[in-house]
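Colleague: I have a fold open on my screen and would like to learn how to read it. Could you walk me through it?

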Amino acid sequence: LTSRSTRPDDTIIELPGSDVRIGGNEVIVMAGPCSVESREQILETAHAVKEAGAKVLRGGAFKPRTSPYSFQGLGLKGLEYLAEAREQTGLPIITEVMTVEAVPMVAEYADILQIGARNMQNYGLLQAVGKVKRPVMLKRGISGTIEELLMCAEYIVSSGNNNVLLCERGIRTYETATRNTFDLNAVPVLKQATHLPVVADPSHGTGYRELVPAMARAAVAAGADALIIEVHPDPDNAMSDGRQSLDLNEFARLMDQLRRVAVAI
Ligand code: PEP
Ligand code: MN
């Protein structure tokens, strides 16, 4: 169902209540903090990324942290703050859902449900989001092959939800210079293999904010339909992923650079 051979035309995902279309001619930028940390933090970030040209607001309310003692997210309160940010800015929101039980609650707030890398092969969760009437962004597993990513997307689509976005977020390799190895090959490989929109996440793909603009530009040049970028008003004091988060000015500068990549030479 996800194969290009079954459906030659690109899938275009429209977000109701907005004019955002992902998979069309325009490159869509989703931006916001790794975690929703407070009402002030998400509202300030939402207004700034909107001003810079982002079309979707990201922010995690349920966080899959390596350590159980790290900040786990604000949960329902985080979803409420995201909804308030959407009300103020008009930006649709994308946020992660980690468990089957939380799907109805997160789907009530989110415009796009995010399945994190650690849950790529959580088949019960994939089937649960397959039954929901919201687009789903499926992130590539930390050690997932492109073939496995596509089969996981197949779980969602075969459960009844055609609106799936695929996200390259870097994979684990022997390389230690970066947090993950951003597999830029995945962008054209996926565009060839499937009609689903392809999203690139250079924040998790690199792990270092200095590397994010170059890989964001590269992903757009390679044909990504959308980018998802971590942005924080005070990255050095972020509760998660500060090292890879752009500050508000850095994000605005990146948007100007991206506008130059997206047009002809
Ligand atoms: C995130 O988007 O903040 C996140 C946890 O990403 P991933 O699942 O790719 O690690
Ligand atoms: Mn993150």
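Modeller: Sure, we'll go from the whole sheet to single strands, then to one loop residue and the ligand. Keep in mind that this is a predicted model.

Colleague: Where do I start with the strands, and in what order do they close into a barrel?

Modeller: The general idea first: strands of a sheet pair through backbone hydrogen bonds, either parallel or antiparallel. In this model eight strands close into a barrel, in the order 3-4-5-6-7-8-9-10, and the pairing is parallel. On average, neighbouring strands of this sheet are turned by 25° against each other, ignoring direction.

Colleague: Let's zoom in on strand 3. How many bridges join strand 3 to strand 10?

Modeller: Five bridges join them, and the two strands run parallel. Across that seam, Val-29 stands opposite Leu-227 in strand 10. With strand 4 (residues 56-58), strand 3 pairs over two bridges, again in the parallel sense. There, Met-30 has Val-56 as its bridge partner, and Ala-31 has Leu-57.

Colleague: And how does the chain get from strand 3 to strand 4?

Modeller: Through a helix. Strand 3, helix 1 and strand 4 make a right-handed β-α-β unit. Helix 1 (residues 39-52) lies across both strands, running at about 155° to strand 3.

Colleague: How do I read the two faces of a strand?

Modeller: In a regular strand the side chains alternate between the two faces of the sheet. For strand 3, Ile-28, Met-30 and Gly-32 are on one side, Val-29 and Ala-31 on the other, and all are buried. Since five of the five residues of strand 3 are buried, this strand is largely enclosed by the rest of the structure.

Colleague: Why does Val-29 count as buried?

Modeller: Because Val-29 has 22 C-beta neighbours inside 10 Å, and the cut-off for buried is 20 or more. Leaving out residues up to four places away in sequence, Val-29 touches several others, including Gly-53, Ala-54, Ala-226, Ile-229 and Met-255. As for Leu-57, Val-29 is 28 residues from it in sequence and 8.9 Å away in space, C-alpha to C-alpha.

Colleague: Can we try the same reading on strand 6?

Modeller: Strand 6 (residues 112-115) has both faces covered: Ile-112 and Gln-114 on one side, Leu-113 and Ile-115 on the other, all of them buried. Strand 5 (residues 93-96) pairs with strand 6 in the parallel sense over three bridges, and Ile-94 has Ile-112 as its bridge partner. The chain goes from strand 5 through helix 3 (residues 103-109) to strand 6 in a right-handed β-α-β crossover. Strand 7 (residues 136-139) also pairs with strand 6 in the parallel sense over three bridges, with Val-136 as the bridge partner of Leu-113. Strand 6, helix 4 (residues 123-130) and strand 7 make a right-handed β-α-β unit.

Colleague: What about loops? Where does Asp-241 lie?

Modeller: Asp-241 lies in the loop between strand 10 (226-230) and helix 9 (248-262). Check its backbone: phi of Asp-241 is near 55°, a positive value in a residue other than glycine. Asp-241 is also buried, because 20 other C-beta atoms lie within 10 Å.

Colleague: Last stop: which residues surround ligand 1?

Modeller: The shell is made up of Cys-34, Gly-60, Pro-64, Gly-116, Ala-117, Arg-118, Lys-139, Arg-169 and His-204. By class, that gives three nonpolar, three polar and three charged residues.

Note on methods. Residues are numbered from 1 along each chain as its sequence is written. Chains are lettered from A and ligands numbered from 1 in the order in which they are written. This is a predicted model: local features need pLDDT of at least 70, side-chain atom pairs count only at pLDDT 80 or more; totals for chains, interfaces and linings use all residues. A residue is near a molecule or strand if its C-beta atom, placed from the backbone, lies within 6 Å of it. Ala, Val, Leu, Ile, Met, Phe, Trp, Tyr, Cys and Pro count as nonpolar, Asp, Glu, Lys and Arg as charged, and the others, Gly among them, as polar. A residue is buried if 20 or more other C-beta atoms lie within 10 Å of its own, exposed if 12 or fewer, and partly exposed in between; C-beta atoms are placed from the backbone. Helices (H or I, at least four residues) and strands (E, at least two) are DSSP runs, numbered from the N terminus. Two strands pair if DSSP finds at least two bridges between them. A crossover is right-handed if, with the strands pointing away from the viewer, the path from the first strand over the helix to the second runs clockwise. Two residues are in contact if their C-beta atoms, placed from the backbone, lie within 7 Å. Axes are lines fitted to C-alpha atoms, for helices over the stretch in contact, and angles run from 0 to 180 degrees between N-to-C directions.
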